[in-house]
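Student: Could you walk me through this two-chain model with a few questions?

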Amino acid sequence: MSSAVELSPVVPLGRAHVVGDFDSGDPDIDAFLRDRAATEQAMGFSQIYVTSDPAGSVAGYFTVSPVTVRVEPALLRTIGVGAAPYPLIGGFLLGRLGVARRLHGRGIGAALVMRAAQITKREAALVGGSFLAVGPGTGGLVAWYARLDFVRLGEKTRRMVLPLRAVP
Amino acid sequence: MTSRTAAYRSLPANERQEFRLPTLLKDHLAKAAARRGQTVAEYLTVAVAERVAHDLAETAEWHLSVPEQELLLRALAARTRPSARARSAAKKADSMFGPLPQVPRRR
C-alpha cells in the first residue's frame with residue numbers, strides 16, 4: 001500500500017467533478033459514471049455520491065436509490081408486525097460501487113459502503129426505510145459484503161441486505 | 001409527456017436501432033405518427049421512452065421468494081450489533097471523508 005491520499009467528503013455528483021478519466025478496472029462501472037450517471041441522477045433514477053482527489057477527479061463513487069420488497073402478510077405476523085397496513089418494506093439499493101484502480105487496497109471501497117449505509121440511515125430517519133440492499137455480481141463480492149454485516153437472502157440468490165439499525 | 005420522457009428526448013439521438021415489424025404495423029405506425037404531426041422516429045422515441053421509464057421504475061421493487069422474504073424479515077427483526085470489521089470501516093469512512101453531515105431537524 002502506498003502513502004495516504006487526501007479525499008474529499010462524499011457528496012452528490014456535480015458538474016465540477018472530473019469523471020472522464022475514472023478507471024476502476026470494471027468497464028461497466030467506468031462507463032456508467034462517464035456516460036450515464038449525471039443523466040440518471042437528473043432523472044431521479046438514482047443518486048450518485050462521489051469522493052474526489054484534490055484535483056477534482058473522482059476517486060470513488062456509489063449509487064443509491066429507493067427499493068421496496070413485497071412480503072406475505074402471514075410472514076409479517078411471524079415477527080410481530082401483523083398490523084402493517086400494507087405488505088411493503090422500504091429500503092435503499094446500493095446499485096453501483098467503484099474505486100479508482102490507482103487507489104485499490106486502501107479500504108476505500110469498504111469505507112464507501114459504510115458511508116452509503118450511514119447516509120441511507122440518516123435519510124431513513126426522515127423518510128423511512130429499514131435496510132440497504134446490494135446484489136453483488138460475483139461470489140467473491142458476496143463474501144466481501146458479508147464481512148461488512150450484509151445478510152444473504154438464501155443460497156440461491158446473491159441479494160443481500162444490511163439492516164440500517166445495525167449500521168455503526 | 002412525463003418529465004423523465006422529456007429528459008430522454010433532450011439527449012442527442014446518436015444511436016441507431018434496427019428491427020423488423022409486420023407490414024401492417026409499419027403502415028399504421030406511419031399513419032399514427034402523421035396524425036400527431038410527428039415523424040416516425042419522433043413518434044417511436046416518445047413511445048419507447050415512456051415505456052422504458054415506466055419499466056425501470058417498476059424495477060425499484062424487489063420480488064423475493066417466500067423463503068427470501070422470511071430471511072429478510074428475520075434480519076430486520078434481529079437485534080445485532082455491528083461487527084468489529086463494520087465498525088472499523090465506519091471509522092475509516094470518518095477518517096477518509098470526514099464526519100457525516102447531519103440533516104437539520106425540525107424543532
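Tutor: Sure! First, a definition: a residue is buried if 20 or more other C-beta atoms, placed from the backbone, lie within 10 Å of its own, exposed if 12 or fewer, and partly exposed in between. This is a predicted model, where local features need pLDDT of at least 70 and side-chain atom pairs count only at pLDDT 80 or more, while totals for chains, interfaces and linings use all residues. Residues are numbered from 1 along each chain as its sequence is written, and chains are lettered from A and ligands numbered from 1 in the order in which they are written.

Student: How many residues of H2(B) are buried?

Tutor: Helices are DSSP runs (H or I, at least four residues), numbered from the N terminus. H2(B) covers residues 23-35, 13 residues in total. It lies largely in the open, because the number buried is 0.

Student: Which helix supplies the largest share of the side of chain B that touches chain A?

Tutor: Contact here means C-beta atoms, placed from the backbone, within 7 Å. By that rule, 35 residues of chain B are in contact with 45 residues of chain A. The largest share of chain B's side, 11 residues, comes from H4(B).

Student: Are H3(A) and H5(B) roughly parallel or roughly perpendicular?

Tutor: Their axes, lines fitted to C-alpha atoms over the stretch in contact, are 8 Å apart. The angle, on a scale from 0 to 180 degrees between N-to-C directions, is about 90°. Under 35 degrees counts as roughly parallel, over 145 as roughly antiparallel, 65 to 115 as roughly perpendicular and the rest as oblique. H3(A) and H5(B) are therefore roughly perpendicular.

Methods
Two residues are in contact if their C-beta atoms, placed from the backbone, lie within 7 Å. Helices (H or I, at least four residues) and strands (E, at least two) are DSSP runs, numbered from the N terminus. The expected span of a helix is 1.5 Å times one less than its number of residues.
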